[in-house]
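User: Please take a close look at one arginine and then at the charged pairs of this model. Keep it brisk.

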Amino acid sequence: MRAVVQRVDGARVTVPGGTDGSGEPSVVGEIVGEGLCVLVGVTHEDTPAKAAQLARKLWSVRVLEGEKSCSDVNAPLLVISQFTLYGDARKGRRPTWNAAAPGDVAEPLVDAVVAELRALGAQVETGRFGADMRVGLTNNGPFTVLIEV
């Protein structure tokens, strides 16, 4: 599993409204104040054990102000599935997505990351799996780190 982690001063995910996507956008996940916005990618070899390992790492990694972790200051996390993290654009002009797990494999593993974070005591907001999402955030630092398990 791969996660792009950004230290933020607030973040939100919206999706288009209405059944055809033409209505007003609606907020499906939002955190206010200091926290982490986490984009999660899943590949074919990932397992529930790796999902739990990633969740523990996200909860304890010391990337907030003063070298604190989310667990230290009870900071919220916004977790968003992002299959494009396993895109490969080394050849040609069009990325391939062969390393990304299909939705029926990836969705339960992203859900497992969220469930484990909540079991650890985290406040977690999420995007909507497979939706056309818009992510807005204020990156604090800027600070972005890649975590792989």
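Analyst: Here is the arginine, followed by the salt bridges.

This is a predicted model, in which local features need pLDDT of at least 70, side-chain atom pairs count only at pLDDT 80 or more, and totals for chains, interfaces and linings use all residues. Residues are numbered from 1 along each chain as its sequence is written, and side-chain values use heavy atoms, with hydrogens and water left out.

Arg7 sits in strand 1 (residues 2-17); strands are DSSP runs of E, at least two residues, numbered from the N terminus. Arg7 is buried, at 11% relative accessibility. Buried means under 20% relative accessible area, exposed over 50%, and partly exposed in between, with a 1.4 Å probe and protein chains only. A polar atom of the Arg7 side chain lies 3.0 Å from the backbone oxygen of Val63. Not counting residues up to four places away in sequence, Arg7 touches residues including Gly35, Leu64, Asn139 and Phe143 (contact: heavy atoms within 4.5 Å).

The structure holds seven salt bridges. Each is a side-chain nitrogen of Lys or Arg within 4 Å of a carboxyl oxygen of Asp or Glu. One joins Glu148 and Arg2 at 3.2 Å, N to O. That pair links distant parts of the chain: Glu148 is in strand 5 (residues 134-148), Arg2 is in strand 1, and they are 146 residues apart. Glu148 is partly exposed, at 47%.

Arg12 pairs with Glu30, with the closest N and O atoms 2.9 Å apart. Arg12 is in strand 1 and Glu30 in strand 2 (residues 23-41), so the bridge ties together parts 18 residues apart in sequence. Arg12 is partly exposed at 36%, and Glu30 is partly exposed at 32%.

Technical notes. Helix = DSSP H or I, 4+ residues; strand = E, 2+ residues; numbered from the N terminus. Polar contact = N/O pair within 3.5 Å; in protein donor to acceptor, adjacent residues only side chain to side chain.
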